[in-house]
Amino acid sequence: MIERIVDEIPRFFTWYNTIFFLQAMGVTLALTLIGCGLGSIFGFALVYGRQTRGRLFTPVRVLIVGYVEIFRRIPFLVLLFIVLFTTEGFGVRVSFFGIALIAICVISTAYISEIIRAGFEAIHRNQWDAAEAMNFGRVATLRYVIMPQAWKVILPPAFAYFVMFIKDTALASQMGVLELTRVAKIFNDRGYSAFLTFGTCLLLYFILSYPLTRFGQRLERRLASSRNR
Amino acid sequence: MPHLEIADLSASYEKGVDVLSGIDLQVERGEILSLIGPSGSGKSTLLRVIVGLLPPDSGRMVVDGTPVNFHDKRSLRDLRGRCAIVFQQYNLFQNMNVMRNVTIAPTKIKKRAAASVRAEAEALLEKVGLGDKHDAYPDELSGGQQQRVAIARALALKPEILLLDEVTSALDPELVNEVLDAVRVLAGEGMTMVVVSHEMGFVREVSTRVAMMDEGRIVETGTPEEIFDRPSAGRTRDFVAKILRG
Ligand SMILES: Nc1ncnc2c1ncn2[C@@H]1O[C@H](COP(=O)(O)OP(=O)(O)O)[C@@H](O)[C@H]1O
Ligand SMILES: [Mg+2]
């Protein structure tokens with residue numbers, strides 16, 4: 001088997017094949033970064049909306065809670081097909097990449113909003129009350145008081161989730177998006193050994209996720225220890 | 001005209017479960033009113049209503065002749081501009097040093113000039129005996145020091161009415177007095193205060209009047225002598241006897 005792999009390597013790592021793999025890696029990275037980036041922004045917006053008060057905003061809160069509770073529980077693959085068939089049902093033509101991206105955003109928004117909410121809830125109630133009693137508005141309270149303290153609670157689970165999501169994007173291959181797993185499978189189908197194709201795939205996933213983990217750790221250290229002047 | 005007037009006020013956290021019911025209270029300018037009563041009787045809740053953190057379900061509140069509309073932003077902002085509150089613990093923003101804690105609201109919220117705010121903050125920190133701690137973070141201070149910073153921060157807002165909610169209850173006994181001393185200084189300066197405290201000696205010494213609360217109601221108000229020496233309500237007698245026995 002070793003012999004066969006060694007024999008295949010020169011044929012496998014051709015210019016064309018390498019580019020094909022790197023492009024797939026780019027797709028995986030784009031799905032993860034855009035998905036989680038937008039998910040973070042929307043997730044934050046959901047938490048903000050959920051904190052509204054008064055009867056006027058009750059429908060907003062109900063919608064948000066419903067959204068979060070539903071989409072945290074749907075398997076990613078199922079959601080992919082829901083998005084696919086929904087867009088088709090409405091006669092909208094969206095690329096597979098677009099569909100995967102929508103699905104990722106929908107799910108990561110729900111997840112990340114829960115992570116952010118938990119971070120906010122870890123801050124003692126008196127910190128919110130003290131700010132409010134001093135006439136801080138909601139934005140000022142978040143900006144000056146809550147966010148600087150909540151970071152260290154939010155970042156570890158958030159980055160763990162981002163890294164997990166890199167892996168979950170593999171499911172988009174089921175739909176035909178040319179991301180890492182799919183490309184590995186294509187090569188495998190062309191006759192290259194599974195060890196080589198999926199081994200490369202594994203290595204590239206590692207190359208994607210390891211720096212993200214490290215970056216998360218650095219950010220955590222920086223933000224958690226930095227006390228705002 | 002009373003500085004703070006509350007009439008037939010009720011409040012709740014969940015609909016139907018009144019935590020305060022039929023509260024009537026008048027605090028004159030310069031008065032120091034102490035609220036006493038067993039845990040869970042609604043003392044903190046009353047302070048939260050006064051500072052505009054919890055809108056009451058019914059009743060009236062008038063500050064300095066102006067009725068408060070708890071559902072109007074401008075009215076609430078005005079109310080909070082007149083009142084300042086210090087809680088039992090976790091008052092200070094943990095991510096800011098002492099100076100920043102004291103100056104942030106005056107500069108960022110009231111938009112006052114940084115230089116004059118800073119000068120005032122220095123004077124206030126000096127007053128509470130922490131002139132050398134400007135750069136310390138809350139977790140580097142003792143509980144007593146933190147509470148004194150919290151008092152300085154409240155004063156930096158130039159409140160007309162200062163609300164203190166068990167500001168010494170979370171402290172080790174040897175730290176209680178340094179905080180009470182800071183409050184004594186303010187008491188001598190004629191600021192209107194509503195104080196919740198279990199330090200009965202202190203309450204007796206500084207209060208102009210004492211109100212006894214139980215189960216969301218004010219059961220009795222009177223001078224410290226009346227409440228401690230000749231309480232008329234049975235609940236007050238029991239409570240005072242129990243507290244004084246320790
Ligand atoms: N945030 C809250 N939500 C629901 N109930 C509360 C809340 N805070 C206090 N309560 C209830 O209100 C009552 C009065 O509490 P509180 O005002 O804190 O009393 P005290 O300060 O006199 O000990 C208690 O029964 C308490 O359980
Ligand atoms: Mg209390």
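How many salt bridges are there between chain B and chain A? The count is 2, in a model that is predicted. The tour below starts with the fold of chain A, crosses the interface, and ends at the ligand and the loops.

**Stop 1: chain A as a whole**

Select chain A and display it as a cartoon. Chain A contains 9 helices and 0 strands, so from the N terminus onward every element in the run α-α-α-α-α-α-α-α-α is helical. Its C-alpha trace extends over about 75 × 45 × 25 Å along the principal axes. Of the 229 residues in chain A, 44% count as buried. Among contacts in chain A with a separation of 6 or more, 77% are made by residues 24 or more positions apart.

**Stop 2: the interface between the chains**

Now show chain B together with chain A. At their interface, 29 residues of chain B are in contact with 20 residues of chain A. The two chains bury about 2300 Å² between them, and 57% of this area lies on carbon and sulfur atoms.

Next, select E132(A) and R80(B) and show their side chains. These residues form a salt bridge, with the closest N and O atoms 3.1 Å apart. Between chain B and chain A there are also 9 residue pairs in polar contact, counted where both residues have pLDDT 80 or more.

Colour the elements of chain B that face chain A. The elements α2 (73-82), β6 (83-86) and α3 (98-109) of chain B each supply at least two residues to the side that touches chain A. The most is given by α3(B), with 5 residues. Sorted by class, this side of chain B comprises 16 nonpolar, 5 polar and 8 charged residues.

**Stop 3: the surroundings of ligand 1**

Centre the view on ligand 1. Which residues are around ligand 1? From chain A there is R125(A). From chain B there are Y13(B), V19(B), P38(B), S39(B), G40(B), S41(B), G42(B), K43(B), S44(B) and T45(B). The site is shared between chains because residues from both A and B surround the ligand.

Three distances to oxygen atoms of ligand 1 can then be displayed:

- A polar backbone atom of S41(B) is 3.2 Å from an oxygen atom of ligand 1.
- A polar backbone atom of G42(B) is 3.0 Å from an oxygen atom of the ligand.
- For K43(B), a polar side-chain atom lies 2.8 Å from a ligand oxygen atom.

**Stop 4: helix α1 of chain B**

From K43(B), continue along the chain by selecting residues 43-50 of chain B, which make up helix α1. Is this helix mostly covered or mostly uncovered? It is mostly covered, with 7 of its 8 residues buried. The buried residues are K43(B), T45(B), L46(B), L47(B), R48(B), V49(B) and I50(B). Two of these, K43(B) and T45(B), also belong to the residues around ligand 1. Just after α1(B), select G52(B), which takes a positive phi of about 85°.

**Stop 5: two loop residues with positive phi**

Finish with one residue in each chain. In chain A, select N135(A), found in the loop between α6 (125-133) and α7 (138-168). Although N135(A) is not a glycine, its phi is positive, at about 70°.

In chain B, select K158(B), which lies in the loop between α5 (143-156) and β7 (161-165). K158(B) is likewise not a glycine, and has a positive phi of about 50°.

Notes
Residues numbered from 1 in each chain as written. Chains lettered and ligands numbered in written order. Heavy atoms only, no water. Contact = heavy atoms within 4.5 Å. Buried area = accessible area lost by both parts, 1.4 Å probe. Salt bridge = Lys/Arg side-chain N within 4 Å of Asp/Glu carboxyl O. Polar contact = N/O pair within 3.5 Å; in protein donor to acceptor, adjacent residues only side chain to side chain. Helix = DSSP H or I, 4+ residues; strand = E, 2+ residues; numbered from the N terminus. Nonpolar A, V, L, I, M, F, W, Y, C, P; charged D, E, K, R; others polar. Buried < 20%, exposed > 50% of the residue type's maximum accessible area, 1.4 Å probe, protein only. Near = heavy atom within 4 Å.
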